[in-house]
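The exercises below invite the reader to examine a protein model step by step. Each task is followed by a worked solution.

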Amino acid sequence: MSDATENTPGNTPRNTPGNAVGNTALREEAAKLDAADALAGRREAFVLEDEKGERVVYLDGNSLGALPCSVPARVADVVEREWGRLRIRSWTESGWWTAPERVGDLIAPIVGAAPGQIVAGDSTSVNVLKAVVAAIRMAREDNPARTDLLVDATTFPTDGYIAASAARLTGAAVRAIPAEGIPGSVGPRTAAVLVNHVDYRTGELHDLPGITAAAHEAGAYTVWDLCHSAGALPVGLDEHGVDLAVGCTYKYLNGGPGAPAYLYVRSGLQPRFDSPLPGWHSHADPFGMSHEYEPADGVPRGRVGTPDILSMLALEEALRVWDGVDVAAVRAKSLALTDFFLRCVGGYVPAGRVESVTPAEHSRRGSQIALRCPDAGEVMAELVARGVVGDFRRPDVLRFGFTPLYTSFADAELAARVLGEVLAERDA
């Protein structure tokens with residue numbers, strides 16, 4: 001699922017971030033928080049400077065995560081040795097064939113899943129189609145009267161487009177419902193529910209346990225889009241009995257632009273998973289070249305065709321930065337960072353100039369802060385020019401994503417300080 005930034009720095013001269021005069025107390029607090037941060041050492045595992053080697057405050061990891069330092073050497077080895085020297089032998093000798101399941105098992109603990117339930121590959125959009133069609137087919141097997149597909153009303157556009165197509169393919173009817181209204185809207189006609197775990201625009205965290213439980217009580221299946229939550233907060237797929245889930249890996253999982261997405265199929269549903277895209281890689285005997293399709297056992301039946309090996313193995317290496325990381329600690333730092341950033345915004349930004357549209361309650365907040373600002377596009381372009389990289393969503397939302405593995409409290413303070421400086425200059 002594409003979530004590309006709309007930053008347009010133009011020809012504004014680059015200024016080193018930090019020229020603004022700061023609040024000494026906030027700067028000192030940031031230093032103390034960073035000194036006590038158990039995740040601070042992970043920052044060294046990422047490339048965070050610009051092309052000139054200058055410091056950048058990178059708060060756009062909710063669109064494209066930073067590059068883990070070990071990835072270039074791994075990609076070079078894949079290209080030069082595995083492809084260049086071993087060539088076709090690498091499908092077996094270098095483990096290319098099993099990479100989608102192997103990478104899926106690396107993603108699994110980050111989203112609270114046991115091994116053998118996630119397969120990496122394709123795009124989020126493709127995986128949404130697989131998951132939604134499969135969910136509707138299972139529901140119709142249970143009860144042919146189940147014809148409704150509920151979709152959260154503020155869904156990422158691609159999810160809505162794919163849901164409409166899935167409905168046409170299956171004869172279902174799409175109903176757009178505010179996420180908080182879904183538990184009261186599911187019923188005997190509901191086949192499946194498709195919900196974004198975190199709203200891409202506002203950063204609101206939706207109630208995965210509650211919505212999943214309500215759907216199950218009504219006999220429906222759930223499909224969760226984890227693009228803006230995986231790697232930023234605990235998801236608990238197994239714990240909460242989620243049926244199917246999809247997500248991208250180029251945001252908080254730092255897999256790189258166009259990195260493979262992933263598909264989660266709960267183990268108990270795998271024998272019933274009926275993909276609308278039955279490719280040869282999901283066949284029980286792919287090299288038998290049979291004209292009749294027989295799905296593989298387990299989560300491999302979520303595969304389609306030949307995976308993008310270069311991106312897949314870059315992602316595999318990128319996921320190594322998660323070795324030994326407690327997702328609960330990531331969540332704790334995320335909330336502390338976003339709380340601190342909001343306090344800094346209050347300290348630096350002229351009163352009434354911006355308004356947070358991200359819920360203040362921790363239970364409803366993802367790992368980004370979205371600020372309504374009438375001239376958001378121009379403001380973000382100036383921030384980028386000064387070395388503070390976030391993004392904006394038309395017409396008037398500034399988005400700042402906080403990736404706990406590499407975002408520091410000093411970054412949060414400096415970003416708010418430069419934002420205050422830019423807004424004060426524009427209003428002068």
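A residue is called buried when its relative accessible area is under 20%, and exposed when that value is over 50%. The model studied here is predicted.

**Exercise 1. The chain as a whole**

Task: Determine how the radius of gyration of the protein chain relates to that of a compact globule, and describe the chain's make-up and surface.

Solution.
Step 1. Begin with the secondary structure: the protein chain has 11 helices and 15 strands.
Step 2. Consider the overall dimensions. The C-alpha trace spans about 70 × 60 × 40 Å along its principal axes. For 428 residues, a compact globule would have a radius of gyration near 22 Å, and the value for the protein chain, 22 Å, therefore agrees.
Step 3. Turn to the interior. Of the 428 residues, 58% count as buried. When contacts between residues at least 6 apart in sequence are considered, 74% of them join residues at least 24 apart.
Step 4. Finally, consider surface and charge. The chain exposes about 16900 Å², of which carbon and sulfur atoms supply 55%. There are 40 positive and 56 negative side chains, and the centres of these two sets lie 1 Å apart.

**Exercise 2. Helix H10 and its surroundings**

Task: Establish which residues of H10 are buried and against which elements they pack.

Solution.
Step 1. Helix H10 covers residues 376-385, and nine of its 10 residues are buried, so the helix is largely enclosed by the rest of the structure.
Step 2. The buried residues are Ala-376, Gly-377, Val-379, Met-380, Ala-381, Glu-382, Leu-383, Val-384 and Ala-385.
Step 3. Their packing partners are three strands, E13 (388-389), E14 (391-393) and E15 (397-401), together with helix H11 (409-427).
Step 4. After H10 comes Gly-387, with a positive phi near 90 degrees.
Step 5. One partner, strand E15, contains Arg-399. Arg-399 has a relative accessible area of 0% and is therefore buried. A polar atom of the Arg-399 side chain lies 2.5 Å from the backbone oxygen of Tyr-200.

**Exercise 3. Two residues in contact**

Task: Decide whether Arg-353 is buried or exposed, decide whether Pro-374 is buried or exposed, and list the contacts of each residue.

Solution.
Step 1. Locate the residues. Arg-353 belongs to the loop between helix H9 (327-348) and strand E11 (355-356), whereas Pro-374 belongs to the loop between strand E12 (368-372) and H10.
Step 2. Apply the cut-offs. The relative accessible area of Arg-353 is 13%, so this residue is buried. Pro-374, at 67% relative accessibility, therefore counts as exposed.
Step 3. List the contacts, leaving aside neighbours within four places in sequence. Arg-353 is in contact with Arg-372, Cys-373, Pro-374, Asp-375, Leu-423, Arg-426 and Asp-427. Pro-374 is in contact with Arg-353, Pro-395 and Asp-396.
Step 4. Examine the side chain of Arg-353: it makes a polar contact of 2.8 Å with the side chain of Asp-427.
Step 5. Set these contacts beside two separations, taken C-alpha to C-alpha. Arg-353 and Pro-404 are 51 residues apart in sequence and 27 Å apart in space. Pro-374 and Glu-316 are 58 residues apart in sequence and 41 Å apart in space.

**Exercise 4. Backbone features**

Task: Identify the peptide bond that leads from Arg-394 to Pro-395 as cis or trans, and state the phi values of Arg-87 and Asn-254.

Solution.
Step 1. Recall the general expectation: most residues other than glycine have a negative phi, and most peptide bonds are trans.
Step 2. The bond from Arg-394 to Pro-395 is cis, with omega near 5 degrees. Pro-395 lies in the loop between E14 and E15.
Step 3. Arg-87 has a positive phi, near 55 degrees. Its place is the loop between helix H2 (71-86) and helix H3 (90-93).
Step 4. Asn-254 also has a positive phi, near 60 degrees. This residue is found in the loop between strand E9 (244-247) and E10, and its 2% relative accessibility means that Asn-254 counts as buried.

**Exercise 5. Helix H4**

Task: State which residues of helix H4 are buried and which elements they pack against.

Solution.
Step 1. In helix H4 (residues 99-107), the buried residues are Ala-99, Pro-100, Glu-101, Val-103, Gly-104 and Ile-107.
Step 2. They pack against strand E4 (118-120), strand E10 (262-265) and helix H8 (309-318).

Terms used
Residues are numbered from 1 along each chain as its sequence is written. This is a predicted model: local features need pLDDT of at least 70, side-chain atom pairs count only at pLDDT 80 or more; totals for chains, interfaces and linings use all residues. Side-chain values use heavy atoms; hydrogens and water are left out. Helices (H or I, at least four residues) and strands (E, at least two) are DSSP runs, numbered from the N terminus. Buried means under 20% relative accessible area, exposed over 50%, partly exposed in between (1.4 Å probe, protein chains only). Contact means heavy atoms within 4.5 Å. A polar contact is a pair of N or O atoms within 3.5 Å; within protein, one must be able to donate a hydrogen and the other to accept it, and residues adjacent in sequence count only if both atoms are side-chain atoms. The radius of gyration is taken over C-alpha atoms; the globule rule is 2.2 Å times the number of residues to the power 0.38. Accessible areas come from the Shrake-Rupley method with a 1.4 Å probe; for residues, only the protein chains shown count as cover. Lys and Arg count as positive and Asp and Glu as negative; His and the chain ends are not counted. The place of a charge is taken as NZ of Lys, CZ of Arg, CG of Asp or CD of Glu.
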